[in-house]
Amino acid sequence: RGSGLPRPAPRCGALDACAEAGVGVVERAAQCRHIELALDLPEGPVVIAHDAQRIGQVVSNLVGNAVKFSSPGGHVRVALQGRRDGAVVEVRDDGVGIDARELPHIFERFYRGSGANEARSSGSGLGLAIVRSIVDMHHGRITVESRVGAGTTFRVILPREQPAA
C-alpha cells in the first residue's frame, strides 16, 4: 500500500537522539500550554537500525498529539527502553483520552474522531496514518491504550535489525 512516503534509509544508531529530537520539536508548545513534558532515557544508548529522521517524526507526532489533547497542567511522558529484540518508545499522557469505539479507526487517513473535543477537529487527520506507515516500514508495530478522561498511551515497538530487502 502506497503511503506516498519515500522508503526509509535505516542505519544502525542510537535511538536516544530521535527521542530527544522528537520531544524537542514539541517542547515550546508544551510550555505554552503549561504541560509538563518528561523524557525518560535509559543509562546507555539504545542502538538499533532505524531511519533517524522518520523515527524522530513518529516521536514528534505522537508527543504533539499528547500535548494537543492534554489540559493545561497535564503531563506527557516519553520513555525509551531497549530490549534484547529491539526497542520500545512509549508516549503517555493524562489528557482527554480516546473513546473505545474510535480506537480501531485512529490510524485511518483523514480520521479525526468525534467532535467531542475541539483539538480533534483541527489538523489534517493524517498524523497517525503517517506514524503507522513509518512504523510499518520499519517492520515495527504500534499499540494504543486509552480511557476517556484518563489519558492515552502509545507504544512503538521497533525490531533491532531490519530484514534484508
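**Entry 1: H50**

I call a residue buried when its relative accessible area is under 20%. I am working from a predicted model. I began with H50, which sits in strand β3, residues 47-50. Is H50 buried or exposed? Its relative accessible area is 4%, so H50 is buried.

I then looked up what surrounds H50. Leaving aside neighbours within four places in sequence, I found H50 in contact with A9, P10, R11, G13, A14, L15, C18, I55 and H138. A polar atom of the H50 side chain lies 3.0 Å from the backbone oxygen of I48.

**Entry 2: the chain as a whole**

I stepped back to the protein chain. I noted four helices and seven strands. Read from the N terminus, the order of elements is β-α-β-β-α-β-β-α-α-β-β. The chain has 165 residues, and 44% of them count as buried.

I also looked up the surface. The chain exposes about 8,900 Å², and carbon and sulfur atoms supply 51% of that area. For contacts between residues at least 6 apart in sequence, I noted that 69% join residues at least 24 apart.

**Entry 3: the sheet**

Which strands make up the open sheet, and in what order? I read five strands in the order β2-β4-β5-β7-β6, and the pairing is mixed. The edges are β2 (36-40) and β6 (141-147); each has a single partner strand, so one side of each is left without a neighbour in the sheet. From one strand to the next the twist averages 10 degrees.

I went through some of the pairs. Strand β4, residues 75-83, pairs with strand β5, residues 86-93, in the antiparallel sense over eight bridges. Within this pair, G82 stands opposite A87 of β5. β5 and β7 also run antiparallel, joined by eight bridges. There, G86 is opposite P159 in β7.

The pair β6 and β7 is antiparallel too, over seven bridges. S146 has T152 in β7 as its bridge partner. The hairpin of β6 and β7 has three residues between the strands, and G149 in it takes a positive phi near 80 degrees.

**Entry 4: strand β7**

I looked at β7 (151-159) on its own. How many of its residues are buried? Nine of the nine are, so β7 is largely enclosed by the rest of the structure.

I recalled that side chains in a regular strand alternate between the two faces of the sheet. I therefore checked the two sides of β7 separately, and both faces are covered. G151, T153, R155, I157 and P159 are buried on one side. On the other side T152, F154, V156 and L158 are buried.

**Entry 5: helices over the sheet**

Next I looked up where two of the helices lie. Helix α1, residues 16-32, lies across β2 and β4 and runs at about 175 degrees to β2. Helix α2, residues 52-68, lies across β2, β4, β5, β6 and β7, running at about 20 degrees to β5.

I picked out A17 in α1. A17 has 45% relative accessibility, so I count A17 as partly exposed. I compared its place with that of P45: the two are 28 residues apart in sequence, and their C-alpha atoms are 9.0 Å apart in space.

**Entry 6: α2 against α4**

Where do α2 and α4 meet? On the α2 side I listed R54, I55, Q57, V58, N61, L62 and N65. On the α4 side I listed G127, L128, I130, V131, I134 and V135. I55, one of these α2 residues, is also in contact with H50.

The axes of α2 and α4 (residues 127-137) come within 10 Å and cross at roughly 145 degrees. The crossing is left-handed.

I then checked burial in α4. L128, A129, V131, S133, I134, V135 and M137 are buried. The buried residues of α4 pack against α2, β6 and β7. I noted that H139, just after α4, takes a positive phi of about 60 degrees.

Technical notes
Residues are numbered from 1 along each chain as its sequence is written. This is a predicted model: local features need pLDDT of at least 70, side-chain atom pairs count only at pLDDT 80 or more; totals for chains, interfaces and linings use all residues. Side-chain values use heavy atoms; hydrogens and water are left out. Two strands pair if DSSP finds at least two bridges between them. Axes are lines fitted to C-alpha atoms, for helices over the stretch in contact, and angles run from 0 to 180 degrees between N-to-C directions. Contact means heavy atoms within 4.5 Å. Buried means under 20% relative accessible area, exposed over 50%, partly exposed in between (1.4 Å probe, protein chains only). Accessible areas come from the Shrake-Rupley method with a 1.4 Å probe; for residues, only the protein chains shown count as cover. A polar contact is a pair of N or O atoms within 3.5 Å; within protein, one must be able to donate a hydrogen and the other to accept it, and residues adjacent in sequence count only if both atoms are side-chain atoms. A crossing is left-handed if the near helix is turned anticlockwise from the far one by less than a right angle, and right-handed if clockwise.
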